[in-house]
Amino acid sequence: MRNQRQVVDYALQRRAVLAEFYSGRVSTLDVCDATPYLLKAAKFHGTPSSATCPVCHRDVLTDVRWVYGDELKHVAGSAKAPEELDRMANLFSEFTVYVVEVCRLCGWNHLVKSYVLGTGSPHPPSRRTAEQ
């Protein structure tokens with residue numbers, strides 16, 4: 001992904017949650033709580049990860065990318081495929097992408113990382129029409 005900036009990795013937080021789960025202090029119900037909306041987004045907009053689920057160990061995780069930003073208007077809060085992010089990065093000055101890993105079998109989900117995409121200019125690039 002080009003132009004990624006302000007990258008935040010949530011690996012330490014993920015490790016802490018899994019340590020709580022493996023020690024028995026947290027139940028499966030606490031960590032496998034993916035909403036139906038998240039599971040559907042994983043099915044239609046997600047990309048397979050290289051890792052297997054750390055809870056059920058039966059399925060490959062799916063990465064779902066959510067976009068947020070003032071400029072996005074009605075698109076904010078929706079899941080996008082990586083190809084769509086590339087297109088959006090050229091159209092908008094700045095928006096944040098949150099990557100969530102999801103197990104579609106057991107419902108494990110966790111925020112993996114976040115980053116900012118966009119042109120970086122204070123105003124979106126002008127869109128020329130055929131008449132110009």
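This report walks through a helix, some aromatic pairs, a serine and the cysteines of a predicted model.

## Helix H1 and what follows it

Let's start with H1, which covers residues 11–23. With 13 residues at 1.5 Å each, the helix ought to span 18 Å, and its end C-alpha atoms do sit 18 Å apart, so expectation and model agree. Just past the end of H1 comes Gly24, where phi turns positive, at about 90°.

## Aromatic pairs

Searching the whole structure turns up 4 aromatic pairs. One of them joins Phe21 and Tyr22, with 5.7 Å from centre to centre and 55° between the planes, which makes it a tilted pair. Phe21 has a relative accessibility of 16%, and because the limit for buried is under 20%, it counts as buried.

Tyr37 and Trp66 make another pair. Here the ring centres are 5.5 Å apart and the planes meet at 40°, so this pair is tilted as well. What does the pair tie together? Tyr37 belongs to helix H3 (residues 36–45) and Trp66 to strand E3 (residues 60–68), so the pair links parts that are 29 residues apart in sequence. Are the two partners buried or exposed? Tyr37 is exposed, at 54% relative accessible area, whereas Trp66 is buried, at 9%.

## Ser49 in strand E2

Ser49 is part of strand E2, which runs over residues 47–52. Its side chain reaches along to the backbone nitrogen of Ala51, at a distance of 3.2 Å.

Which residues does Ser49 touch once its neighbours within four places in sequence are set aside? The contacts are Val60, Leu61, Thr62 and Asp63. Those residues fall in the stretch that strand E3 covers, residues 60–68.

## Cysteines without disulfides

How many disulfides does the model have? The count is 0. Cys56, for one, is in no disulfide: the nearest cysteine sulfur belongs to Cys103 and is 3.7 Å away. A disulfide needs the two sulfurs within 2.5 Å, so that gap rules the bond out. Cys56 is also buried, with a relative accessible area of 17%.

Cys106 tells a similar story. Its closest cysteine sulfur is that of Cys53, and at 3.6 Å the two are too far apart for a bond.

Methods:
Residues numbered from 1 in each chain as written. Predicted model: local features only at pLDDT ≥ 70, side-chain atom pairs only at ≥ 80, totals over all residues. Heavy atoms only, no water. Helix = DSSP H or I, 4+ residues; strand = E, 2+ residues; numbered from the N terminus. Polar contact = N/O pair within 3.5 Å; in protein donor to acceptor, adjacent residues only side chain to side chain. Contact = heavy atoms within 4.5 Å. Buried < 20%, exposed > 50% of the residue type's maximum accessible area, 1.4 Å probe, protein only. Expected span 1.5 Å × (residues − 1). Phe/Tyr/Trp six-rings, centres within 6.5 Å; stacked < 30°, edge-to-face > 60°.
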